[in-house]
Amino acid sequence: MAKRNIVKDGDPILRKKARTVSDYNRRLHILLDDMAETMRDADGLGLAAPQVGILRRVAVVLGPDEKIIELINPEIIETEGENEGPEGCLSFPGIYGIVKRPEKVTVKAFDRYGKPFTITGEGITARAFCHETEHLDGIVFVDKVERFLGPEDEEGNEEE
Ligand code: ZN
């Protein structure tokens with residue numbers, strides 16, 4: 001595994017739509033392993049492939065049990081409720097804001113071997129599923145912020 005460089009705000013790749021994955025090969029597995037290591041190293045809750053310069057529909061999310069959830073070609077198929085909370089992004093260091101997300105989100109995706117599955121997340125996991133899926137369409141969280149938070153509010157915020 002190797003740590004990859006995280007693309008920062010201003011890089012045009014963050015605004016591009018990522019392409020569908022069709023080959024579940026070794027190259028994909030290396031990308032997933034590297035993304036997990038990069039996310040952990042940066043203390044993030046999620047990371048999307050465009051954030052490491054790869055325009056493919058791949059994301060990793062840190063689950064509630066600290067287990068890494070790998071999402072290939074993810075699609076949100078169901079949402080429930082509403083949750084207004086702080087959000088950040090590893091590509092926007094030091095910037096936090098309140099974003100409205102569903103409380104519960106069900107995602108359909110494929111695993112690293114191309115096997116389909118669905119997974120439901122609540123709270124910050126639901127938030128991460130939305131945040132990372134949007135990265136794959138070139139949408140970043142600052143587009144959705146209702147209110148930016150100052151440094152005095154930063155305690156306890158997490159970056160995705
Ligand atoms: Zn992000």
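**Overall dimensions and the three-stranded sheet**

The accessible surface of the protein amounts to about 8100 Å², of which 46% belongs to carbon and sulfur atoms, areas being obtained by the Shrake-Rupley method with a 1.4 Å probe and, for residues, with only the protein chains shown counting as cover. The model is predicted, so that local features need pLDDT of at least 70 and side-chain atom pairs count only at pLDDT 80 or more, whereas totals for chains, interfaces and linings use all residues. Residues are numbered from 1 along each chain as its sequence is written, and side-chain values use heavy atoms, with hydrogens and water left out.

For 160 residues, a compact globule would have a radius of gyration near 15 Å, and the 15 Å of the protein agrees with this; the radius is taken over C-alpha atoms, and the globule rule is 2.2 Å times the number of residues to the power 0.38. The C-alpha trace spans about 45 × 35 × 30 Å along its principal axes.

The secondary structure comprises two helices and eight strands, defined as DSSP runs numbered from the N terminus (helices H or I, at least four residues; strands E, at least two). Three strands form an open antiparallel sheet in the order β4-β5-β8, where pairing requires that DSSP finds at least two bridges between two strands. The edge strands, each pairing on one side only, are β4 (83–87) and β8 (147–149). Strand β5 (residues 96–101) pairs with β8 in the antiparallel sense over three bridges, and I98 stands opposite R147 in β8.
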